Amino acid sequence: MASLITCPHCGVRPKEEFAIRGDASLVRPAPTASDEAWHDYVYVRANPRGRTLEHWQHVGGCRRFLVVERDTFTHEVHSVTDGAAFARENGK
Amino acid sequence: MTAYRLTAGGLVDRSRALSFSFDGRPLRGFAGDTLASALIANDQLLAGRSFKYHRPRGIVSVGSSEPNALVTIGSGARSDPNTKATVAELYAGLTARSQNRWPSLGFDIGAVSDLLSPFIGAGFYYKTFMWPAQLWEKLYEPLIRRAGGLGRVVLERDPESYEKSWAHCDLLVVGGGPTGLTAALTAARAGLRVILADEDFRLGGSLLSETQAIDGAPAHVFADRVVAELQALPNVTLLPRTTVFGWYDDNVFGAVERVQKHVAEPLAKLPTERVWRVVARRALLATGAEERPLVFGGNDRPGVMMAGALRTYANRYGVAAGRSVAIFTNGSAGYQAARDLHAKGITIAAIVDGRVAAEDAAPEGTRVIRSASLIDTRGRRRVSGIVVERSGFEELVACDAVGMSGGWSPVIHLACQRGAKPVWSDTLSAFVAPDVGGGLRVAGSANGVYTLSGCLGDGAAKASAIASELGFKPTQDVMPETGEEADPSFTALWYAPGAKSKAFVDFQNDVHTKDLGLALREGFGHVEHAKRYTTSGMATDQGKLSNINAVGILAGMRGVSPADVGTTTFRPFYTPVSFGALAGTARDKHAAPTRKSPLHEWARKNGAAFVEAGPWYRSAWFPRAGEKTWRESVDREVLNVRANVGICDVSTLGKIELFGPDAAEFLNRIYCNALLKLPVGKARYGLMLREDGFVYDDGTVSRLAEEHFLVTTTTAMAGGVMSHMEYCSQVLWPELKVRFCSVSDQWAQIAIAGPKARSVLQQLIENDISDAGFPFLAAGTVTLKGGLKARLFRISFSGELAFELAVPAGFGIAVADQLMDVGRAVDICAYGVEALNVLRLEKGLPTHAEFDGRVTPDDAGLGRMVSPHKTDFVGKHLSSRYGLTAADRMQLVGLKPVDREKDIRAGAHLLREGMKPSTLNDQGWVSSACFSPVLGHHIAFAFLKSGRERYGERIVVWDKLRDQEAVAEVCDPVFVDPENARMKA
Amino acid sequence: MIRDYYNRNALDEKLRGAPRPPGANHLAIGHRQAVSMVLAVAGEEDSVEKLLSSATEFTGRFSAPGEWLVVSENDTPEGLQRRLDALCSDKAHIVDQSEARVLFRISGPSMRRILAKGIGLDLDPNVFATGASANALCGHIAVNLARTGEDAFELLTPRSFAESLFDNLMTMGREYDLTAAFAA
């Protein structure tokens, strides 16, 4: 795991300031979507080796949900973006 | 008397004698000594007994690689077991004790295990004690625990203090030898922020024991000069006594500074140890190289030491480990040691050289036995001679110390801690650091550059390159003059052939060559398997000396190159770090922050007993004179609230204010009940689900203005709900125009409950709070007499006529005092969370004891709250799934013991009468219980299968934990005022 | 019955007793100041930031995108609320935090060394300059940190954490003989 995360709002911060929520690539299904879609959204998670998108909340800083693109194998962090901006770009 | 203090020389301060003790024996050393050098000066080379065979073991090395000389320093609670004597700085009054011996270091009964050694070879743990299994706990384990092991930890509370600190720098230099010092100086002169850390208490590394001159002066003078310049620069932090133990992601390093390990009386204002977390843009590993021991028969005899260690003890500390020293070498370093020792007046008994031919110059008149092997040693607690074999001829050479030199291994531990494996170099016959990118580079001996001038040059060049890379302009400095240098070459020798007795690979773990052979024969030839099977490379030294030879021997036995064997995995920590240092200040009151309500002092002066609730201290009850048990106080508080009035501190509830045109829509989506049409000036109970359909939290929602809301959360979930709301607004619905902010700390909030609540409160408030003027569930701003603005909510968690009054936090105590004053006439009382709990149970109100993450709104009897009309809210879809709507779910019911004298406790399980307790027969569980002073008996909330259909049924409350059983009647969970007449009065 | 209610500082208990003379490294607890949270209306973040930076009586301290804490030494809480309402008109929501936050004003030559024991930010003036502000963790406690001078910082912490933060700071500062008192 990364020791430092560069928050787009607050700068370089130790990982202790963040809380990890999990997969950021999930899209909340419509309320009328199938049971399977909802089951997948709430319960099913991949455990990839390599690049992932995760929500890290900067709880000790700006309290924004950030989308951290990182590699679970090399621990390299490729990008950190604001969660709302990411959500808007992805169709919200 | 063999080992002794030289009459002159060394960097010890001979004018400052220090007295210390070893195993109770008073001894003397000098300032600048390590415990090891002082012990040698006192001819105390024997330092401990080995782990498994209890063989006598002496000091071997001069630094943190020491496998043998582990001692306990200090006494009582200040004891530090397993301290390496070779790194322990001597101070006046130091007390040291040897370890792993009984009754004494000289005579140890455990040494009998050495005679049993044929039966306790590698893997004996896994074989010998397998059978019979029942003997393991009673016999084998206690036996092994007593016989084996290193020092003992003390169980007393650690009186030392510790702390952590962050540090940021452009360049972290690890190691303060010739390479590190020149690197630090080059970088510092260029303007970089530099941190230089070294394990030693004096910066200089090998320069402190170097006989070669630099710029015409002794090497240590050069070191002092560089250190002085660095010290004067504001952009440099020097950290002697600091071990950089770990390299972590993003070039963050962990280091431990032994701030006061070397003082008898530590200052209270300073920590004993400090852990540094160093964020470094670049780092340079200048950790030098470790001299390799040689594996030969009897090589663990006290007096057998590293040749370089003998040299350092003589040059830096002015001590000689022996009067007549034999050298066993396969390279030039052995000759260097021989020359330096000879120059100090120490006799060189012989130089045994494994190589056929070598150019190295031996001291004048010294006998050199080439192409030879050392096959055994003589002596018991101290070496008295060596057996040399050449061409089949054996010869006994008398000596009182042996210096061994098997070549060099770069110290590359840190560079390999993040997954990259060391790389074998045929040229260097050593593992070298892998390329780990630009963040961490390796220089000097750690990089396989063994000459002094090479190290000085490599350090400067690498630092210079880093400076340019970071945009600094390095100055072009003239390199110091070092003169002619010795050839540092060697020929790898993993195992000296012909051993006549045990040839140890790992001294600390008593692993000898035959153990490795056994491991290979039994299928554990992989280097990681061999380590576990033989324990080679384990424990406190992690094989700093031994690993390379173990790899070489395995390679030899398997007929492959060391490159094919590879190394075991490198992990932090480089050397052991105390738990205290890692915890830092985070213990006792600093272990986690505590939160205090703005009414804390009010509760305290009213005599509250406090209870920890997460980070909070909440008032639990308010005992009065004459009350002997907490129950007496709680019963009185409950009855007084029901009969008169009480006030309770509810400031710890989470409070969040929301603003914006979409605030109502937002709330409508995060609560399961309808909130869009909540009128301004009104509060409503709100229930929040998780996306999986279970209850998450409950609270109230008040509309203060059209686009302005205030929600409350439970105390426990305040942080979680805030995060949940942030997630919903930022990630799920960023299009909603809503802003919110925690106001939990802004308000002191007081519940005023009881039939006389209104009459008391009205005396403080300007506004009309009659039932007509401020009806049930009203919410809004009021003005206290005197002008203070406050917020008032007519909500009840007790079933009584009740209000919650919120005032700006700093005024909380004054207002609470005033309420108590005006309420005295009607017997007002303060009540705590215990009474609060009884009041809500009597009234049938669930809380987080019920909402345990497995409970749906319907389970808790709140099914009607879930709006069927809303198109979406968090938890909507999955709350209606199969399983969450089943008829036989556990439903919230009340319980009353049939025998009114019986009590019921939370956690008990429910069984049908006559049924045996089993998972299959389980009918449910008790979630909350209390004694109801209103009803005069215990009451409880329970989750019971299809519970709401079973009112009137008798059920067994089975409490195995307390070994109690009671029969209870299932009933409606509302025990008091089911018509809500009191609440709406 | 008309009353004037007494307003207590969260650190009244901690700082009870005769004050010691302030040392070179000193922690002063703000006694009375107004603090407001300014929440920009969606889409108005930039204009609110401009308005706040144009003000001379106070500075906005960065909390989160579109969210600032404003500290005023001279206003009452109500006064600051009015002033900010007038300044931002309908571009921002103003939430009074005067009672919710405790102001720790800490200064002295060893300040960076002291704060580094709890705060992971690089406090080099080239990185975190005078006038800079940010939310951060000090140990386990969330604070808003502002640099008010080369060796002077201010920490705003939630009131309920004030005693814990005070204990932490005093422990962090013991090496440098940190003293503490209410601000004059």
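## A strand covered on both faces

Let's start with β41 in chain B of this predicted model. Both of its faces are covered. On one side you'll find Trp747(B), Gln749(B), Ala751(B) and Ala753(B), and on the other sit Ala748(B), Ile750(B) and Ile752(B), all of them buried. The strand runs over residues 747–753, and 7 of its 7 residues count as buried.

## Who β41(B) pairs with

β41(B) pairs with strand β35 of chain B, residues 646–649, in the antiparallel sense over 4 bridges. If you want a spot to look at, find Gly646(B), which stands opposite Ala753(B).

β41(B) also pairs with strand β44 of chain B, residues 802–808. This pairing is antiparallel too, over 7 bridges. Here Ile752(B), one of the buried residues, stands opposite Phe803(B) in β44(B).

## Two domains in chain C

Now hop over to chain C. The domain assignment gives domain 1 as 26–31 + 100–182 and domain 2 as 34–96. The C-alpha centres of these two domains of chain C lie 23 Å apart. Their contact takes 8 residues from domain 1 of chain C and 6 residues from domain 2 of chain C.

## The domain 1 side of the contact

Which strands of chain C each supply at least two residues of the side of domain 1 that touches domain 2? They are β6 (101–107), β7 (133–138) and β8 (141–149) of chain C. The largest share, 3 residues, comes from β7(C). As for character, this side of domain 1 of chain C divides into 4 nonpolar, 3 polar and 1 charged residues.

Methods:
Residues numbered from 1 in each chain as written. Chains lettered and ligands numbered in written order. Predicted model: local features only at pLDDT ≥ 70, side-chain atom pairs only at ≥ 80, totals over all residues. Domains from an automatic or database assignment. Contact = placed C-beta atoms within 7 Å. Nonpolar A, V, L, I, M, F, W, Y, C, P; charged D, E, K, R; others polar. Buried ≥ 20, exposed ≤ 12 C-beta atoms within 10 Å, placed from the backbone. Pairing = 2+ DSSP bridges.
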